[in-house]
Structure formats: C-alpha cells, structure tokens
Number of protein chains: 2
Amino acid sequence: MKRNVLIIGAGGVAQVVAHKCAQANDRLGELHIASRRVEKAEAIIAGVIDKGAMKVPGVFRAHAVDAMDTGAVAHLIRQTGCQIVINVGSAFVNMTVLEACIETGAAYLDTAIHEDPAKVCETPPWYGNYEWRRRDRCKAKGVTAILGIGFDPGVVNAWARVAEGMLDRIDSIDIVDINAGSHGRYFATNFDPEINFREFTGTVYSWQNGGWQSNSMFEVGQTWTLPVVGDQKAYLTGHDEVHSLSARYPQADVRFWMGFGDHYINVFTVLKNLGLLSEKPVMTAEGQEVVPLKVVKAVLPDPASLAPTYTGKTCIADVVRGVKDGKPVELTIYNVADHAEAYAETGAQGISYTAGVPPVVAALLIAEGVWDVGTMVNVEELDPRPFITLLNGMGLPSRIHDAAGDRPLAF
Amino acid sequence: MKRNVLIIGAGGVAQVVAHKCAQANDRLGELHIASRRVEKAEAIIAGVIDKGAMKVPGVFRAHAVDAMDTGAVAHLIRQTGCQIVINVGSAFVNMTVLEACIETGAAYLDTAIHEDPAKVCETPPWYGNYEWRRRDRCKAKGVTAILGIGFDPGVVNAWARVAEGMLDRIDSIDIVDINAGSHGRYFATNFDPEINFREFTGTVYSWQNGGWQSNSMFEVGQTWTLPVVGDQKAYLTGHDEVHSLSARYPQADVRFWMGFGDHYINVFTVLKNLGLLSEKPVMTAEGQEVVPLKVVKAVLPDPASLAPTYTGKTCIADVVRGVKDGKPVELTIYNVADHAEAYAETGAQGISYTAGVPPVVAALLIAEGVWDVGTMVNVEELDPRPFITLLNGMGLPSRIHDAAGDRPLAF
C-alpha cells in the first residue's frame with residue numbers, strides 16, 4: 001500500500017533521503033520535506049527535480065516546521081496525510097518527532113540516538129534514557145518505530161542479525177567504520193561539527209565480558225585490514241548500536257571502531273585541550289558570551305560544501321567471531337561506497353549517502369507491510385533479509401568475506 | 001632632577017614597571033598609574049605596597065583613563081604634573097599617548113611598536129608607518145621620545161650599539177630570544193594572546209643583503225647554542241628592532257629569531273589553519289557575530305596566572321659578526337633571567353620582567369638628564385653605557401661571550 005512520507009530535516013542525509021524517496025515514488029505516496037528554514041527544504045526538492053529523480057510524476061512539497069514542537073509536527077503529519085516519518089533532522093529533535101508519531105499513529109524512523117543539547121554523554125545503555133521509555137506506548141498504540149536505521153547504526157545491526165543466523169554462538173561483534181576518502185581541505189568534519197565532536201568528547205562505552213567498559217577517546221586503537229581500503233587504524237568509539245546489540249547479544253563483546261588519521265586526531269586534541277570544543281559559554285575580554293564549539297563550527301567548512309570534490313571510498317564492516325558446529329568462525333560483512341558516485345547520484349558525499357539510503361529502504365518495507373511491526377524496535381529485531389536484498393539493488397550492496405572467500409551477501 | 005612618572009597600562013609589564021619605579025622612587029618623583037579599569041591599577045599599587053617596594057615614602061596613585069583618547073591622557077599628565085610617561089598599555093594606544101606627550105611636553109617611553117587593530121602586518125620599515133612621522137614634531141617641541149625601550153626591542157638595540165663600538169664593521173646582527181622556562185599548562189601565551197598571535201600571523205620581514213626579505217612564520221629555523229639554556233631551535237620572526245637597526249646598519253644582515261617548541265608550533269598551526277586566529281568576525285549558525293581570536297584568547301590561561309608556578313630561565317642574545325683590525329670577530333652579548341626570581345621580586349613572570357625593567361632604567365636616565373635628548377630616538381641612537389651599567393645593578397645584568405671568554409659586560 002502506498003504511503004505518504006514526511007522527511008524531517010534538510011541536511012546532507014535528508015538530501016539523500018529525498019533523492020531515494022523520489023526514485024521510489026511509484027511505491028511510496030506523496031512526498032513532503034520539512035525544515036526549520038523552508039528554503040533549505042525547497043533547495044533539496046529543486047535538486048531532486050534537476051536530477052530528474054522522480055520516478056513517476058507526483059507530489060513533493062516543502063514545509064517549515066519547528067521539530068522541537070510536537071504539536072507542530074503532529075499538525076503537519078495530519079495536514080499532509082503522511083503515514084511514514086523519516087526523521088533525519090538534528091539528534092536533538094528525535095523525541096518531539098517520535099511523540100508526534102505516537103500521537104498521530106504514523107510510522108517513525110530515525111538514524112541516530114536522541115540527544116539532550118546540555119548532556120554530552122549519558123549512562124548506558126543510551127537507548128534506555130529516551131527511546132525505550134516510549135516502547136510500551138508505541139506497542140499500545142500499534143505505532144511502528146524503527147530506531148537507528150541509517151548505516152551505523154542500521155545496516156550494521158541487520159548484518160549482526162544475519163551473522164546470528166549463520167552461527168551457533170556469537171562471541172564478538174566489532175563494527176569498523178572507515179572513511180578512506182579525501183575532501184582535500186586542511187580539516188573538515190563529514191557532518192555537523194557540533195554533533196561530530198560531541199561524539200568524541202564523552203566516555204567511550206563498549207560492551208565487554210558481559211558489562212560496560214569505559215575508556216576515553218583515542219585511548220584504544222587497532223589496525224584493521226579491510227576489503228578495498230586495506231590497512232586502516234581505527235579507535236574504540238562510543239556509538240549507538242553498541243547500546244542495543246549488547247542487549248540482544250549479552251554474551252558477546254560488542255565494540256565500535258572508527259577510523260581516524262593522525263591529522264584528525266591532532267586537530268581534535270588541540271581543540272579539545274584548549275577548551276574550544278566546549279558547549280559551555282565563555283566570556284571574551286569584551287564581555288561577549290560565546291560557546292566555543294559554535295565558533296569552531298563557524299570557521300570549519302560546511303560539510304555539504306565538501307561533496308563536489310570528495311574522492312575515495314568508505315568501508316563499513318561487521319567483523320563477527322563465533323562458533324559454528326563446534327568450530328571457531330570469523331565473518332566480515334561489509335559495504336564499500338564511493339564519494340564521487342554518491343555525489344553524481346544525489347549531490348551529497350558518501351557519508352550522507354550511506355546514512356540516507358537505509359531509512360528509505362525501511363520506508364518501502366513498511367509500505368509493503370514487511371516491516372510494519374506496530375511497535376518500537378531496533379534493527380536487529382527485524383528480519384534482515386528483505387532489507388539487505390532491497391539495499392543491494394539501491395546503491396549499497398552488502399558483501400561477505402569468510403573462510404569460503406569474498407562474495408555478495410544475498411538471500 | 002626628580003620627575004613625576006605616569007605609567008599607562010596595568011598588565012604584567014606595567015606591574016614590573018610599577019615595582020621598579022617604586023624601588024627607585026628616591027630618584028623619581030610622584031608615581032601614577034592609569035588603566036581603562038582603575039581597579040587593575042589599584043591592584044598593582046596594592047602589590048607594590050605589600051612587597052614593601054617603595055624605597056622612600058611617597059605618592060603612588062591609580063587613575064582611570066581611556067588611552068585611545070589623547071585629550072584625556074594629556075589632561076591626566078597635566079593634572080598629575082608628570083614629566084615622564086612610560087607607556088606599557090596595549091600596542092594600539094601608542095600614538096594617542098605619544099600625541100598627549102607632544103602636546104604636554106612630557107617624555108615618552110614605550111616598549112613595542114604601534115599597531116592598528118585592523119592591520120596585522122604593515123610595510124617595512126614598521127617605524128615609518130606611525131612613529132617616525134612624528135619625529136620632526138618631537139624635535140621641534142624638544143620632546144624626548146624613546147621608542148621600543150623594553151628588552152627586545154630595547155636592550156638588544158643598545159647591545160648592537162656596544163658591538164658597533166667594538167668592531168670596525170658589523171656584518172650581521174642576529175637577535176635570538178629563547179624562553180626555556182615552563183609554565184606547566186597544556187598551552188599558554190606569555191603575554192596577551194591577541195598580541196602574541198598577531199606577531200606570527202603576518203609576513204616575516206628580515207633585512208638581508210641590503211634589502212627586505214619576506215618569509216612566512218616557521219619557514220626558516222635554526223638551532224642556536226646559547227649560554228645557560230644550551231641548544232635551542234629558533235625561527236626567523238618579524239620584530240620591531242629589525243626595522244630600526246637596519247636603518248643604522250644597512251650594510252649588515254639584521255634578523256630576529258624566536259625560540260619555539262614543536263608543541264607551540266603545532267597548536268599555533270592548527271589554530272591558524274582553521275581560521276581561529278583571525279581578527280575578522282565570523283557568524284555562528286545562531287547568527288552571533290564573533291571574532292575567533294577573541295574566543296581563543298578567552299579560553300587560554302590569563303598570562304598573569306602563569307607567574308606563580310613559572311620555572312626556568314630566559315636567554316636573549318645579540319649574536320654579532322663583523323670585522324676588527326681586518327679579522328673576523330663574533331660577539332654574543334646576552335642576559336639570562338629567571339622566572340621564579342622575577343616572580344619573587346615583582347609578582348610577574350620573567351617575560352614581563354625583562355620587558356618592564358628597561359623603561360624604568362631609561363626613566364632614571366631621563367630624570368638625570370643623561371638620556372633627555374629632546375627628540376625622538378630609537379635605542380641604538382643613545383649612548384648604551386650608562387643604560388647597561390644601571391641595568392646591571394637593577395636585575396638584568398648583561399654578559400658578553402667572545403674569543404676572549406665569557407664575562408660581565410661593564411664599562
């Protein structure tokens with residue numbers, strides 16, 4: 001059944017979501033996109049039209065909305081008749097948008113965990129602080145809410161579920177996220193610097209030996225050898241999916257590793273040690289109150305501006321160790337994406353592309369009824385096969401590498 | 001003849017000037033100190049009284065003044081009956097204070113070249129942009145104005161004049177400024193970060209082969225072996241004294257070298273490349289207009305806060321090469337100062353101490369009539385012997401090192 005889709009947000013990921021929804025609008029209904037500043041949403045629609053991305057003629061309309069206002073979002077959902085909301089706005093608006101979905105009955109999708117602007121890193125499991133507290137209400141109202149359905153979290157959770165089906169026991173899941181691309185600038189973040197840096201200033205939580213382990217950022221590093229991108233140094237990093245996968249696989253070690261070059265680490269370390277990544281205001285000699293992190297954001301390149309000249313590839317992988325028929329097994333399930341190809345198709349770079357395609361696939365599965373589960377779930381709770389099969393055909397093919405060799409992951 | 005002294009400014013250097021004037025108040029007259037915020041000036045006087053620094057009972061009074069306002073400064077000079085003004089305020093106020101001295105006939109002393117807040121690095125010779133344009137007026141009115149009478153510029157200019165007297169010809173003057181002390185913080189500047197960074201963001205001008213040579217900061221480095229502090233890496237840096245010494249010694253190469261550790265260079269390079277040292281405002285996502293450099297200043301330690309725990313020594317030297325009786329000669333004239341000793345005596349660290357003692361010595365020489373030349377001069381134009389003799393007894397002894405060995409510089 002066709003369903004109208006409302007996209008919340010107008011950044012790089014929203015741009016990819018818009019293009020992919022347009023390419024599949026024969027299977028979705030009317031498309032809507034809402035942002036605090038309507039002109040950003042309008043620009044995205046103009047890009048979609050320019051690319052000729054709409055598969056069949058149809059509605060694609062821009063709206064202004066304050067996504068921190070549940071009533072305003074609920075009003076927009078009703079007004080547009082949307083039954084699916086893809087929330088790819090700031091991580092600060094997740095709960096207000098989810099409440100609007102619970103109120104209206106629309107399905108809810110997001111790609112990152114909710115954050116409170118005033119709190120940099122909260123007690124694990126992170127999903128327990130905001131999302132899971134609304135699980136019973138989603139279930140009672142039959143509202144489908146799929147949490148963290150980007151790439152990581154998202155696809156990597158589905159891969160863990162695939163590995164679960166291939167093994168008798170999972171002993172460890174190491175998610176490794178490598179961006180081996182180059183933007184050619186002295187320094188830039190691949191998405192909003194404010195959100196990017198917040199990810200690395202708090203405690204690094206990992207799930208090991210049946211409990212939460214705390215480290216600091218860049219404390220634990222390891223070189224991973226991955227397909228296409230080769231040897232890459234990555235560091236133990238706090239990340240959303242660790243907080244749901246550890247609930248399903250409490251016997252396994254669950255770790256997230258993000259690749260960083262020495263240059264990134266150096267710049268980050270200087271800024272952090274000087275206090276320039278602080279979200280707390282300081283006072284200048286002239287008496288002006290300023291949040292240092294917001295000034296750093298202002299001097300850094302706009303992440304969207306990196307896309308036209310971004311080259312190289314990303315590789316995101318689940319390295320899963322476990323046991324099958326009494327023997328140790330290691331599987332690597334992975335995707336390689338290309339920045340220039342992502343730009344050619346959607347006008348956005350590869351990081352936005354990998355995050356933006358999966359929620360559109362999920363929306364299609366909800367529209368088809370396959371994933372319309374009428375409750376709140378994390379991705380590993382859903383059947384991964386239809387999801388990965390659709391993704392394979394929509395620009396993000398999964399591959400698997402194990403003792404039997406390297407091959408597409410297909411069902 | 002005793003003369004009343006007005007100190008302009010209330011930073012670390014002003015604090016040293018205040019202590020040293022107090023210690024010599026039997027040879028000076030009434031003492032006055034003026035700052036934009038009178039409480040800063042009052043705090044300095046309180047420190048002077050606490051230390052028992054006043055040699056004989058006398059007046060020491062704090063005033064509020066806007067030093068950018070020539071009329072206000074002239075009024076204060078007249079009101080206090082001051083005949084000597086030691087200007088150790090911000091480099092932005094030099095010309096307004098000098099104008100007040102020309103208007104009132106008071107002698108003028110400063111320790112750094114005038115700067116326009118909007119211009120980071122101007123055409124050489126720098127003194128030609130502001131100071132020397134007022135030379136004729138000083139002469140016509142018989143106003144003594146001694147420019148750049150801190151340590152460097154200042155003492156190092158006097159040393160060049162000493163070398164002039166010892167050689168038949170000077171071929172090169174390399175001024176080397178090493179701070180081998182440690183403040184124990186992750187990163188800090190030794191004086192106002194805004195002024196400190198401005199020194200290193202512009203073109204590095206040196207005088208070589210009879211003309212101006214342009215380099216960028218940290219482009220040309222060299223290891224110098226100096227007394228006490230040993231081997232130290234220093235970098236060709238733009239500095240005031242190069243712009244006057246090259247006028248007196250056009251046949252010689254005149255270069256200034258400042259010591260930097262790799263950590264300082266790394267932090268500076270990151271901040272500069274990100275645009276965080278810019279004096280031009282940027283706009284945050286929230287629409288706030290902010291000058292990045294002022295935010296960097298706000299997060300860095302207050303230079304004054306470094307003094308209590310600062311340890312180690314500074315070494316500033318003139319390495320002069322030339323010819324005497326047909327033979328090549330190399331002289332090193334230098335001073336070694338100690339951060340902890342400076343703090344014990346004046347409550348300020350060694351960098352402020354080396355800059356603050358020389359103008360007080362010059363004030364004494366003006367009061368005695370020795371340096372009361374009734375015109376505008378740079379330090380190398382004055383007889384260096386009485387100056388160095390007094391400095392030797394006031395905490396900053398000069399030494400000389402040449403083929404004949406290492407010994408005090410005395411006349």
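The following exchange asks how labels for strands, rings and contacts in a predicted model follow from their cut-offs.

Modeller: The model is predicted, so local features need pLDDT of at least 70 and side-chain atom pairs count only at pLDDT 80 or more, while totals for chains, interfaces and linings use all residues. Residues are numbered from 1 along each chain as its sequence is written, chains are lettered from A and ligands numbered from 1 in the order in which they are written, and side-chain values use heavy atoms, with hydrogens and water left out.

Biologist: Why is the pair of Phe197(B) and Phe268(B) called tilted?

Modeller: Rings of Phe, Tyr and Trp (its six-membered ring) pair if their centres lie within 6.5 Å; planes under 30 degrees apart count as stacked, over 60 as edge-to-face and the rest as tilted. Phe197(B) and Phe268(B) have 6.0 Å centre to centre and 35° between the planes, so the pair is tilted.

Biologist: What parts does this pair tie together?

Modeller: Phe197(B) lies in helix H7 (residues 193–201) of chain B and Phe268(B) in helix H9 (residues 262–274) of chain B, so the pair ties together parts that are 71 residues apart in sequence. Helices here are DSSP runs of H or I with at least four residues, strands are runs of E with at least two, and both are numbered from the N terminus.

Biologist: Are Phe197(B) and Phe268(B) buried or exposed?

Modeller: Buried means under 20% relative accessible area, exposed over 50%, partly exposed in between (1.4 Å probe, protein chains only). Phe197(B) has 1% and Phe268(B) has 2%, so both are buried.

Biologist: What makes Tyr205(B) and Trp212(B) an edge-to-face pair?

Modeller: Their centres are 6.3 Å apart and their planes 75°, so the pair meets both the distance and the edge-to-face cut-off. Tyr205(B) is buried at 13%, whereas Trp212(B) is partly exposed at 28%. Over all chains, the search finds 36 aromatic pairs.

Biologist: How do you know that E2(B) and E3(B) are paired strands?

Modeller: Two strands pair if DSSP finds at least two bridges between them. Strand E2 (residues 31–35) of chain B and E3(B) have five bridges in the parallel sense, so they qualify. One of the bridge partners is Phe60(B) in E3(B), opposite Leu31(B).

Biologist: What makes strand E3 (60–64) and strand E17 (376–378) of chain B edge strands?

Modeller: Each pairs on one side only. The open sheet has seven strands in the order E3-E2-E1-E4-E5-E6-E17 (chain B), with parallel pairing. In chain A, seven strands also form an open parallel sheet, in the order E3-E2-E1-E4-E5-E6-E17.

Biologist: Why does strand E1 (residues 4–8) of chain A count as paired with strand E2 (residues 31–35) of chain A?

Modeller: They share four bridges in the parallel sense, so the bridge criterion is met. In E2(A), Leu31(A) is the bridge partner of Val5(A).

Biologist: How is the interface between chain A and chain B described?

Modeller: Buried area is the accessible area (1.4 Å probe) that two parts lose on being put together, summed over both. Chain A and chain B bury about 2200 Å², 71% of it on carbon and sulfur atoms. Tyr186(A), Leu274(A) and Val299(A) supply 26% of the area that chain A buries against chain B, more than any other three residues.

Biologist: Why is the contact of Lys294(B) and Glu286(A) called a salt bridge?

Modeller: The term requires a side-chain nitrogen of Lys or Arg within 4 Å of a carboxyl oxygen of Asp or Glu. Lys294(B) and Glu286(A) meet at 3.0 Å, N to O, so the label applies. The count between chain A and chain B is two salt bridges.
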